[in-house]
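The exercises below ask you to work from a set of coordinates to statements about contacts, charges and rings. Each task is followed by a solution that goes step by step.

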Amino acid sequence: DLVMENCPVTCSIAMGKCSPDPLPALLPANTTELDYSAYSAEAGYGYYTGTIPTEFGLLTDLTVLNLAGNAISGTIPTEIGSLTRVTSGGNVSSGHGQFMSTNKLTSSIPSQLGKLSAFKKGMNLKSNSLSLTVPTELGSLTQLECVMAVTNNKLTST
């Protein structure tokens with residue numbers, strides 16, 4: 001589970017609010033308590049640690065997903081491919097968005113990200129420890145209006 005520590009008083013997240021007390025988790029341990037109608041998960045630079053729960057794939061109404069700038073480790077769950085309504089990686093004012101950049105994600109980029117057919121802005125995976133190659137399935141993301149960023153990883157070319 002993703003856990004937030006040292007939460008700033010002004011922090012807010014679409015799936016919960018952060019007060020002076022640290023938010024114990026982005027998602028509840030019991031998936032029956034999930035707000036499946038949540039449309040935005042703006043959790044960038046929010047002091048999150050841990051792994052991305054596979055339950056994120058249940059939030060099929062999400063249109064924004066920003067987990068950038070945390071200390072999230074582990075792999076990107078393949079269930080993220082179920083978020084076919086996501087159009088943005090959040091904070092796209094910079095032109096490249098954030099999505100899952102600047103974390104401690106490892107392993108390969110899942111081919112299931114190619115199912116995010118509505119994704120237009122902010123597919124940013126840079127500054128992690130992702131390895132192998134960029135899956136060819138990402139070529140089906142024809143709605144992308146800006147470059148997908150994958151620099152500062154451990155990717156190889158084929």
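**Exercise 1.** Determine what share of the contacts between residues at least 6 apart in sequence joins residues at least 24 apart, and set this beside the secondary structure.

*Solution.* In this predicted model, 68% of the contacts between residues at least 6 apart in sequence join residues at least 24 apart. The secondary structure comes to 0 helices and 10 strands, and 41% of the 158 residues count as buried. The accessible surface comes to about 7,600 Å², of which 51% belongs to carbon and sulfur atoms.

**Exercise 2.** Find the salt bridges, and state for each partner whether the residue is buried, partly exposed or exposed.

*Solution.* The search begins from a general point: side chains of opposite charge can pair when their charged atoms come close. A salt bridge here requires a side-chain nitrogen of Lys or Arg within 4 Å of a carboxyl oxygen of Asp or Glu, and the structure holds 2 of them.

Step one concerns D61 and R85, whose closest N and O atoms are 2.7 Å apart. Because D61 lies in the loop between β5 and β6 and R85 in the loop between β7 and β8, the pair ties together parts that are 24 residues apart in sequence. D61 has a relative accessible area of 26% and is therefore partly exposed, and R85, at 47%, is also partly exposed.

Step two concerns K121 and E145, whose side chains meet at 3.7 Å, N to O. This pair links the loop between β8 and β9, which holds K121, to the loop between β9 and β10, which holds E145. At 35% relative accessibility K121 counts as partly exposed, whereas E145, at 52%, counts as exposed, because the cut-off for exposed is over 50%.

**Exercise 3.** Identify the aromatic pair, classify its geometry, and place its rings with respect to the largest nonpolar core.

*Solution.* The structure holds 1 aromatic pair, formed by F99 and F119, with 5.1 Å centre to centre and 80° between the planes. Planes over 60 degrees apart count as edge-to-face, so the pair is edge-to-face. F99 lies in the loop between β7 and β8 and F119 in the loop between β8 and β9, 20 residues apart, and both are buried.

For the core, F99 is among the residues that touch the most other members of the 27-residue set, together with F56, L65, I80, M100, L116 and L125. Beyond its neighbours within four places in sequence, F99 is in contact with residues including L65, L116, F119 and L125.

How values were computed:
Residues are numbered from 1 along each chain as its sequence is written. This is a predicted model: local features need pLDDT of at least 70, side-chain atom pairs count only at pLDDT 80 or more; totals for chains, interfaces and linings use all residues. Side-chain values use heavy atoms; hydrogens and water are left out. Rings of Phe, Tyr and Trp (its six-membered ring) pair if their centres lie within 6.5 Å; planes under 30 degrees apart count as stacked, over 60 as edge-to-face and the rest as tilted. Helices (H or I, at least four residues) and strands (E, at least two) are DSSP runs, numbered from the N terminus. Buried means under 20% relative accessible area, exposed over 50%, partly exposed in between (1.4 Å probe, protein chains only). A nonpolar core is a set of buried Ala, Val, Leu, Ile, Met, Phe, Trp, Tyr and Cys residues joined through side-chain atoms within 4.5 Å. Contact means heavy atoms within 4.5 Å. Accessible areas come from the Shrake-Rupley method with a 1.4 Å probe; for residues, only the protein chains shown count as cover.
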